[in-house]
Amino acid sequence: MSAFSLFVDHLRLAADKDDRSRPVHCTWQIVASGVQAIRSSCGVSVMRDAPLGEPRAFDYIVVVGGLLHGHQQVDAATLQWLQRAAAEGIPLIGICTGTFILCRAGLMKHRPVCVSWYHRQDFIEAFPDHDVVSDRMFLDDGDRITCSGGSGAADVALHLIDRSLGRSAGMKASHILLMERYLRPEKQARLQPRPPTVSDATMTVANQHVQRAILHMEQNMDRPLSVAQLASQLGISSRQLERLFHNNLGRKPQDFYRMLRLRYARALLESGQANVTNVAIESGFSDCSHFSRHFKLVYGISPSKCYRDAIQKQSSQEDFISPVGVRVFS
């Protein structure tokens, strides 16, 4: 829903000269093979505007994905329609797990595909022969654009608006929605952020039990689970879980868990928004001295110095901030 809404709302704001949501400069339709409402996993339903119809009626066709597991994402009629659109040269855009749909339709062969870090392993398992990219918000490959989802949908919308309607229209939409894209360097605007606990090792681990264990770890930072609790949630023994971590990551699960918590703690300290005591609690350490000892052992500095450096950096940056005047021409 967030990807769908961000994409359409940028079009809505860029399409009109004023602020009355009129589709003057561009139009869009929600199309589907069936007449029933499309129900999202959060319970909100979206009605189609039209049946699939003629692909050539559109300059772009955007596929917004939904849940991956436990049900079919789209029906055969939709896949055939997308294949027909590709054959007729209509640019196709996959947003979030919409990229999975394009791949299942056979429309991304020999092309790199941009996928969220969160769904990267799902993608590798489903499409082992595809080249996957998870360090960008979106990837423009000519008549195919793939997007990581979330706020990346806004970047794709602005990318299309810049190309078709001009930069001023995109700036207007971005300004009204309080998005920062035009205030950031171009390269930074298209980088996909990773959560502080995610590393290359965790993104490429193949074993599903280890993947699920890491997910449980990430969801329980402030109250760490024991190895026995993790194993119980996975339906395996503690000994088997330890063996899987050793074979896949070269370390014990408890050591890996501590590394995730320390990485999370460092990100919190470097944000400058939480002091050492609060960070220690939020990252699951029972006391500050225990936390500080492990933190310094890994990073070579104390948590308090890390926090002071972050505050000092923020203060120095604030000294150089000047007012920015924005004029929107439409």
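**View 1. Arg261 sits over the face of Phe285**. In this predicted model, Arg261 lies 4.3 Å from the centre of the Phe285 ring. Arg261 also lies over the face of Tyr257. There, the distance to the ring centre is 5.9 Å. One arginine, Arg261, can therefore be found over two rings: each distance is within the 6 Å limit for a charge over a ring.

**View 2. Phe285 and Phe291 form a tilted aromatic pair**. A pair of aromatic rings is described by two things: the distance of the centres and the angle of the planes. For Phe285 and Phe291, the centres are 5.2 Å apart. The planes meet at 45°. Why is this pair called tilted? The angle is neither under 30 degrees, as for stacked rings, nor over 60, as for edge-to-face rings, so the pair counts as tilted. Are the two partners buried or exposed? Phe285 is buried, with a relative accessible area of 5%. Phe291 is buried too, at 0%.

**View 3. Phe285 and Phe291 belong to an aromatic cluster**. Phe295 and Tyr299 are the other members. Together these residues form one cluster. The count for the structure comes to seven aromatic pairs.

**View 4. Helix H10 has buried residues on one side**. H10 spans residues 227–234. Which of its residues are buried? They are Val227, Leu230, Ala231 and Leu234. These residues cover an arc of only 95° around the axis, so they lie on the same side of H10. What covers them? The cover includes helix H9 (208–218), helix H11 (238–249) and helix H12 (253–271). Just after H10 comes Gly235. Gly235 takes a positive phi of about 75°.

**View 5. Cys103 and Cys288 are shown in a structure with zero disulfides**. A disulfide is a covalent bond between the sulfur atoms of two cysteines. The structure holds zero of them. Cys103 counts as buried, at 6% relative accessibility. Cys288 counts as partly exposed, at 28%.

**View 6. The protein has 15 helices and eight strands**. The protein has 330 residues, and 40% of them are buried. Look next at contacts with a separation of 6 or more. Residues 24 or more positions apart account for 57% of these contacts. The protein exposes about 18200 Å². Carbon and sulfur atoms supply 51% of that area.

Notes: Residues numbered from 1 in each chain as written. Predicted model: local features only at pLDDT ≥ 70, side-chain atom pairs only at ≥ 80, totals over all residues. Heavy atoms only, no water. Phe/Tyr/Trp six-rings, centres within 6.5 Å; stacked < 30°, edge-to-face > 60°. Buried < 20%, exposed > 50% of the residue type's maximum accessible area, 1.4 Å probe, protein only. Lys NZ or Arg CZ within 6 Å of the ring centre and 35° of its normal. Disulfide = S-S within 2.5 Å. Helix = DSSP H or I, 4+ residues; strand = E, 2+ residues; numbered from the N terminus. Arc of directions from axis to C-beta. Contact = heavy atoms within 4.5 Å. Areas by Shrake-Rupley, 256 points an atom, 1.4 Å probe, with all protein chains shown as cover.
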